[in-house]
Amino acid sequence: MKPLPSLSALKSFSVAAKYQSFTKAANELNQTHGAVSRAVKQLEDYFGVLLFERRNRRLYITAKGKTFAEKITVLLVQIEETCEELLSMPSEEKLALSCEPSLAMRWLMPRLERFRDQQKGLDIHLSTAGGPINLAESGIDIAIRRSDFKWSEDYWVTDLGMEAVGPVCSPSYLESHRDLGATLLHTRTRPEAWRDWKRLSNREIVCQNEKFFDHFYFSLQAAVAGMGMAIGPKILVEDDIRNGLLVAPFGFAETAFNYVALSLKNPASNQKLEAFLLWMQSEVDIAR
């Protein structure tokens with residue numbers, strides 16, 4: 001049996017037939033004029049008929065070409081819709097997670113392999129983002145967020161614990177700056193972090209200098225490197241404190257926010273969601 005024409009050639013022909021122009025088809029398909037022309041020529045050679053007539057530098061679709069275009073365009077649309085339908089179908093073997101970038105890099109990713117070991121065969125997709133999220137449109141099963149925004153009332157909310165923050169620095173930096181002012185490391189994603197900590201703790205640190213970073217991840221890495229003192233959410237620095245890379249000389253103070261896991265489905269009715277959230281809650285409990 002003769003092999004069928006390629007889908008790309010059929011798509012090129014369908015769009016060319018719609019415009020009766022290789023140039024316009026090329027623009028829509030983000031291809032070159034020559035690529036569209038060659039695709040149509042391949043089909044004409046395959047069927048042994050002219051699909052277009054070329055006259056005076058213009059294209060005119062033939063009767064056979066028009067009939068073929070009408071039928072093939074309907075089939076191409078059906079193929080696209082079928083593919084999109086399959087992609088949108090929920091899979092019990094896939095778990096799509098979204099997590100705030102610094103929390104993902106400094107806390108979740110170092111632990112995620114332990115969950116993978118427990119859930120053999122579960123395909124885990126992790127993306128990083130913060131703030132509001134449309135779970136239905138994004139295809140995300142669980143979004144891990146700080147509760148500093150309003151989310152849809154349709155979401156199921158699983159509490160992961162209150163946020164606590166405090167100044168952190170490397171042990172050597174603390175030793176060498178005990179009687180001096182500190183270089184305060186700021187993050188642009190939460191510029192009020194130092195002010196909020198001072199209000200919560202009723203403490204004051206003499207500011208000798210200031211440095212600014214785009215995310216908590218970078219300001220905390222700078223603190224590990226001995227560049228100054230950063231405000232660190234406890235959950236983001238507990239591993240480095242445990243490993244002796246950072247110290248928290250003034251302890252931590254709870255903020256008005258907590259960490260939550262948002263989902264469209266009730267976790268208790270979905271095995272993969274329930275398994276992940278129970279695992280994450282146990283990891284948070286161990287760190288307290």
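Me: How are helices and strands delimited and numbered here, and what follows α2?

Reply: Helices (H or I, at least four residues) and strands (E, at least two) are DSSP runs, numbered from the N terminus. In this structure, N30 comes just after α2 and takes a positive phi of about 60°. The model is predicted: local features need pLDDT of at least 70, side-chain atom pairs count only at pLDDT 80 or more, and totals for chains, interfaces and linings use all residues. Residues are numbered from 1 along each chain as its sequence is written, and side-chain values use heavy atoms, with hydrogens and water left out.

Me: Which residues of α2 are buried?

Reply: A residue is buried under 20% relative accessible area, exposed over 50% and partly exposed in between (1.4 Å probe, protein chains only). In α2, which spans residues 22-29, F22, A25 and A26 are buried. They lie on the same side of α2 because they cover an arc of only 100° around the axis, the arc being that of the directions from the helix axis to the C-beta atoms. Their cover includes α1 (7-19), α3 (33-47), β1 (52-55) and β2 (58-61).

Me: Is T255 buried or exposed, and which side chain does its own side chain join in a polar contact?

Reply: T255, in strand β10 (residues 253-263), counts as buried because its relative accessibility is 13%. A polar contact is a pair of N or O atoms within 3.5 Å; within protein, one must be able to donate a hydrogen and the other to accept it, and residues adjacent in sequence count only if both atoms are side-chain atoms. The side chain of T255 makes such a contact, of 2.8 Å, with that of E163.

Methods:
Contact means heavy atoms within 4.5 Å.
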